[in-house]
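I opened a page for a structure that was new to me, and I wanted to note down what I looked up in the order in which I looked it up.

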Amino acid sequence: MAHQTGIHATLELKDFFAKARNGSVRLIKVVIEDEQLVLGAYKELSRSWDQDYDFFILPLLDEHQPCYLLYRLDTQNAQGFEWLFISWSPDHSPVRLKMLYAATRATVKKEFGGGHIKDELFGTLKEDISLGGYQKHVSSCSAPAPLTAAEKELQQIRINEVKTEISVESKHQTLQGLAFPLRPEAEQAVLLLKQKQINYIQLKLDLEKETIDLVHTHPTELSELPRRIPQDSARYHFFLYKHSHEGDYLESVVFIYSMPGYKCSIKERMLYSSCKNRLLDTVEQDFQLEIAKKIEIDNGAELTSEFLYDEVHPKQHAFKQAFAKPKGPAGKRGQKRLIKGPGENGDDS
């Protein structure tokens with residue numbers, strides 16, 4: 001997805017990248033100015049990487065301006081020193097800037113050289129990017145992924161909540177395919193979305209009443225969509241994605257399941273994951289709402305226009321195999337025979 005915004009690094013920044021990779025520079029700050037990636041600031045080596053970290057990084061973070069930071073670690077790989085790539089996108093910065101920086105992130109990595117980057121870190125608050133925040137990030141990466149370790153989490157829930165004695169006659173309790181019913185106002189919202197009278201629905205689970213409740217249906221532009229994603233709780237979203245594709249104007253319903261990782265309890269993660277498929281079955285079969293794409297995210301910043309377009313219209317990597325002429329029969333072959341077509345002997349018969 002590099003260069004989708006059309007923004008490139010200046011020659012000066014490219015030259016600085018080349019010099020910095022030799023290891024003499026500890027920190028590089030990159031910003032977007034006049035639709036170009038430019039050098040915002042840099043710091044040379046002082047002490048060890050962890051001693052320099054907060055002292056160098058935190059003063060360069062602007063509460064209203066996103067930026068990229070490349071921080072040199074003290075470890076090396078085959079290409080040289082390893083670097084940490086940090087995307088800073090503060091909550092108080094304009095949405096347009098957040099979207100622009102999110103869409104240009106791949107370009108920065110490509111310009112610097114992806115092989116030098118050991119790890120990536122994204123933050124909206126200084127504590128996310130501080131040394132303590134980075135250490136938490138490293139620890140979380142070694143922990144089980146929140147939604148792919150379903151068996152392990154399900155086992156934990158059974159231990160804590162079910163605790164049934166299993167015998168030949170017992171019935172196993174499971175959270176797979178739970179069907180929490182939609183509240184009437186949520187059902188009405190789905191009908192309005194199908195009629196295209198609204199363009200956004202946000203739903204949540206009421207864990208006590210075991211229902212799916214409507215949060216709101218505020219009109220939402222694509223640029224506002226990342227702000228609709230809560231940072232501390234899971235949600236289901238339906239968004240009417242209006243766009244053009246190959247010259248045609250389209251209005252596609254996209255389902256978004258947002259789960260902010262380990263900020264939610266195991267029980268909440270499992271219930272949201274287990275109710276998702278039954279909710280989609282209800283919406284698609286009972287309400288006949290066609291869903292163009294189902295997406296799972298853990299952060300609203302992922303929802304750029306480029307990301308959504310590529311999800312709904314994935315690029316086709318066509319591979320045309322060359323025609324392979326079949327081999328003839330083994331052994332000796334007879335003499336070649338010339339077969340003439342009609343009219344080649346001077347007649348039409």
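**Entry 1, the chain as a whole.** I began with the secondary structure and found nine helices and eleven strands in the chain. I noted at the outset that this is a predicted model. I then looked up burial, and of the 349 residues of the chain, 41% count as buried. For the contacts with a separation of 6 or more, I wrote down that 64% come from residues 24 or more positions apart.

**Entry 2, aromatic pairs.** I reminded myself that a pair of aromatic rings is described by the distance of the centres and the angle of the planes. The structure holds 14 aromatic pairs. One of them joins phenylalanine 55 and phenylalanine 56, with 5.8 Å from centre to centre and 40° between the planes, which is a tilted arrangement. I asked myself whether phenylalanine 55 is buried or exposed. Phenylalanine 55 has a relative accessible area of 58% and is therefore exposed, the cut-off for that being over 50%. Phenylalanine 56, in contrast, has a relative accessibility of 7%, so I entered phenylalanine 56 as buried, which requires a value under 20%.

I took phenylalanine 238 and phenylalanine 255 as a second example, and they too form a tilted pair, at 5.1 Å centre to centre and with 55° between the planes. Phenylalanine 238 belongs to strand β9 (residues 235-245) and phenylalanine 255 to strand β10 (residues 248-258), so this pair ties together parts that are 17 residues apart in sequence. I checked the burial of these two residues as well, and both phenylalanine 238 and phenylalanine 255 are buried. I also found them in one aromatic cluster, which is formed by Tyr236, Phe238, Phe255, Tyr257 and Tyr272.

**Entry 3, charges over rings.** I returned to phenylalanine 55 and saw that the charged end of arginine 47 sits over its ring, 5.8 Å from the centre. I found another such case at phenylalanine 112, where arginine 21 lies over the face of the ring at 5.6 Å from the ring centre.

**Entry 4, histidine 116.** Which residues is histidine 116 in contact with, leaving aside its neighbours within four places in sequence? I listed Arg21, Gln79, Phe81, Glu82 and Trp83, and I recognised Arg21 as the residue over the face of phenylalanine 112. Histidine 116 itself lies in the loop between α3 (95-112) and β6 (117-123). Its relative accessibility is 9%, so histidine 116 counts as buried.

**Entry 5, the cavity.** I searched the whole structure for cavities of 30 Å³ or more, and the search finds one. The largest cavity holds about 80 Å³ of space. Its lining includes Pro66, Cys67, Trp88, Lys98, Arg105 and Ala301. I noted that β4 (67-77), β5 (80-88) and α3 each supply at least two residues of this lining, and that the largest share, four residues, comes from α3. By class, I recorded eight nonpolar, two polar and two charged residues in the lining of the largest cavity.

**Entry 6, a pocket.** I looked last at the second largest pocket, which has a volume of about 270 Å³. It is lined by 15 residues, and the closest to its centre are Lys98, Pro226, Gln231, Gly300 and Ala301. I had already written down Lys98 and Ala301 among the residues that line the largest cavity. For the second largest pocket, too, α3 gives the largest share of the lining, four residues. I closed the entry with the classes, which are seven nonpolar, five polar and three charged residues.

Notes
Residues are numbered from 1 along each chain as its sequence is written. This is a predicted model: local features need pLDDT of at least 70, side-chain atom pairs count only at pLDDT 80 or more; totals for chains, interfaces and linings use all residues. Side-chain values use heavy atoms; hydrogens and water are left out. Rings of Phe, Tyr and Trp (its six-membered ring) pair if their centres lie within 6.5 Å; planes under 30 degrees apart count as stacked, over 60 as edge-to-face and the rest as tilted. Buried means under 20% relative accessible area, exposed over 50%, partly exposed in between (1.4 Å probe, protein chains only). A charge sits over a ring if NZ of Lys or CZ of Arg is within 6 Å of the ring centre and within 35 degrees of the ring normal. Contact means heavy atoms within 4.5 Å. On a 1 Å grid over the protein atoms alone, a cavity is a set of points where a 1.4 Å probe fits but cannot get out, and a pocket is an open set with protein on both sides within 12 Å along at least five of seven lines; lining residues have an atom within 4 Å of a point. Grid points are joined across faces, edges and corners, and a volume is the space filled by probe spheres set on the points. Ala, Val, Leu, Ile, Met, Phe, Trp, Tyr, Cys and Pro count as nonpolar, Asp, Glu, Lys and Arg as charged, and the others, Gly among them, as polar.
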